[in-house]
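Student: Could you walk me through how to read this model, feature by feature? I would like the general idea and then the case at hand.

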Amino acid sequence: MTRYLLVFLVFFIFAPTVSAENQNNWSLSIGKFDVNDDNDSSEIRIEHLSGKNLFGDMKLKPFTGFMMNGDDGKYFYSGLRKDFPISSKWIFTPSFAAGYYDRDSSKDLGHNLEFRSQIEFSRDIGNQNRIGFNLNHISNASIGDTNPGAESATISIIRPF
């Protein structure tokens with residue numbers, strides 16, 4: 001997992017940025033998976049954040065992502081998010097996604113179909129780059145026999161490409 005993190009960090013630090021309104025962004029996140037349990041593990045996540053607004057004035061933007069935790073659990077997902085500028089530097093972004101969870105030796109979340117709700121606070125750090133703090137909850141919405149859920153806390157680097 002450390003090897004993947006180093007490759008992603010080098011990519012994010014040295015990749016050139018682009019300038020465009022409604023640009024696409026990449027988000028790289030690292031942190032802890034299942035922070036409310038005694039068996040938490042590391043988490044790394046990469047997301048493509050589309051700059052395209054859907055549904056007219058609602059300004060919902062699609063995203064897709066991949067998460068892997070330290071116990072080899074994997075989650076592939078897609079959803080919608082909305083940016084709410086708080087000030088010229090701060091943005092609040094709630095999001096919702098659905099996806100496929102492959103447990104491997106990680107926590108059993110009760111089903112392969114899992115839903116993720118997340119809140120993110122990010123700050124503009126210049127050159128259209130942001131750093132953010134995320135809290136999310138993954139759950140199967142009780143479609144499985146069990147629904148223990150898992151919470152994650154991560155820090156993100158968000159860059160345009």
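Student: Which strand gives the most to the lining of the largest cavity?

Tutor: Strand β7 does, with 3 residues. Please keep in mind as we go that this is a predicted model.

Student: How does one find such a space to begin with?

Tutor: The general idea is that rolling a probe the size of a water molecule over the atoms shows where empty space is left. In this structure, a search of the whole model turns up 1 cavity of 30 Å³ or more. The largest cavity has a volume of about 90 Å³. The elements that each give two or more residues to its lining are β2 (41–49), β6 (90–102) and β7.

Student: Which residues line the largest cavity, and how do they divide into nonpolar, polar and charged?

Tutor: The lining consists of Glu47, Leu49, Phe63, Arg81, Asp83, Thr93, Ser95, Arg116, Gln118, Glu120 and Arg130. They divide into 6 charged, 3 polar and 2 nonpolar residues.

Student: What about the largest pocket: what is its volume, and which residues are closest to its centre?

Tutor: Its volume is about 550 Å³. Of the 23 residues that line the largest pocket, Gln23, Lys61, Asp83, Ile91 and Arg130 are the closest to its centre. Strands β6 and β8 each supply at least two residues of this lining. By residue type, the pocket lining divides into 9 charged, 9 polar and 5 nonpolar. You may recognise Asp83 and Arg130, which are also among the residues that line the largest cavity.

Student: With charged residues in both linings, I should ask about pairing. How many salt bridges does the count come to?

Tutor: The general idea first: side chains of opposite charge can pair when their charged atoms come close. Here the count comes to 7 salt bridges. One of them joins Asp37 and Lys107, whose closest N and O atoms are 3.6 Å apart. This pair links distant parts of the chain, 70 residues apart: Asp37 sits in the loop between β1 (25–33) and β2, and Lys107 in the loop between β6 and β7.

Student: Why do Asp37 and Lys107 count as partly exposed?

Tutor: Partly exposed covers the range between under 20% (buried) and over 50% (exposed) relative accessible area. Asp37 counts as partly exposed because its relative accessibility is 30%. Lys107 falls in that class because its value is 21%.

Student: Is the salt-bridge pair Arg45 and Glu43 buried or exposed?

Tutor: Arg45 and Glu43 are both buried. Their side chains meet at 2.8 Å, N to O. Compare Arg103 and Asp108, another salt bridge, with the closest N and O atoms 3.7 Å apart. Arg103 is partly exposed, with a relative accessible area of 38%, and Asp108 is partly exposed at 40%. Salt bridges that share partners also join Glu43, Arg45, Glu47 and Arg116 into one network.

Student: Let us turn to the surface. Which residues make the nonpolar patch of about 820 Å²?

Tutor: The patch is made by Ile86, Trp90, Ile119, Phe121, Ile125, Ile131, Phe133, Leu135 and Ile155. The elements that give two or more residues to the patch are β7 (113–126) and β8 (129–139). Take Ile119 as a case: this residue lies in strand β7, and it counts as partly exposed because its relative accessibility is 36%.

Student: What can you tell me about Phe115, and how far apart are Phe115 and Phe96 in sequence and in space?

Tutor: Phe115 also lies in strand β7. With a relative accessible area of 23%, Phe115 is partly exposed. Phe115 and Phe96 are 19 residues apart in sequence, and their C-alpha atoms are 7.4 Å apart in space.

Student: Last topic: the backbone. Which way does phi usually go?

Tutor: Most residues other than glycine have a negative phi. In this model, Phe55 has a positive phi of about 60° although it is not a glycine. Phe55 is found in the loop between β2 and β3 (61–69). Ser142, also not a glycine, has a positive phi of about 65°. Ser142 belongs to the loop between β8 and β9 (150–160).

Student: Why do Phe55 and Ser142 count as exposed?

Tutor: The cut-off for exposed is over 50% relative accessible area. Phe55 counts as exposed because its relative accessibility is 55%, and Ser142 does so because its value is 57%.

Notes
Residues are numbered from 1 along each chain as its sequence is written. This is a predicted model: local features need pLDDT of at least 70, side-chain atom pairs count only at pLDDT 80 or more; totals for chains, interfaces and linings use all residues. Side-chain values use heavy atoms; hydrogens and water are left out. Patches are made of residues with over 30% relative accessible area and no salt bridge: like charges are joined within 9 Å, nonpolar side chains (Val, Leu, Ile, Met, Phe, Trp, Tyr) within 5 Å. Accessible areas come from the Shrake-Rupley method with a 1.4 Å probe; for residues, only the protein chains shown count as cover. A salt bridge is a side-chain nitrogen of Lys or Arg within 4 Å of a carboxyl oxygen of Asp or Glu. Helices (H or I, at least four residues) and strands (E, at least two) are DSSP runs, numbered from the N terminus. Buried means under 20% relative accessible area, exposed over 50%, partly exposed in between (1.4 Å probe, protein chains only). On a 1 Å grid over the protein atoms alone, a cavity is a set of points where a 1.4 Å probe fits but cannot get out, and a pocket is an open set with protein on both sides within 12 Å along at least five of seven lines; lining residues have an atom within 4 Å of a point. Grid points are joined across faces, edges and corners, and a volume is the space filled by probe spheres set on the points. Ala, Val, Leu, Ile, Met, Phe, Trp, Tyr, Cys and Pro count as nonpolar, Asp, Glu, Lys and Arg as charged, and the others, Gly among them, as polar.
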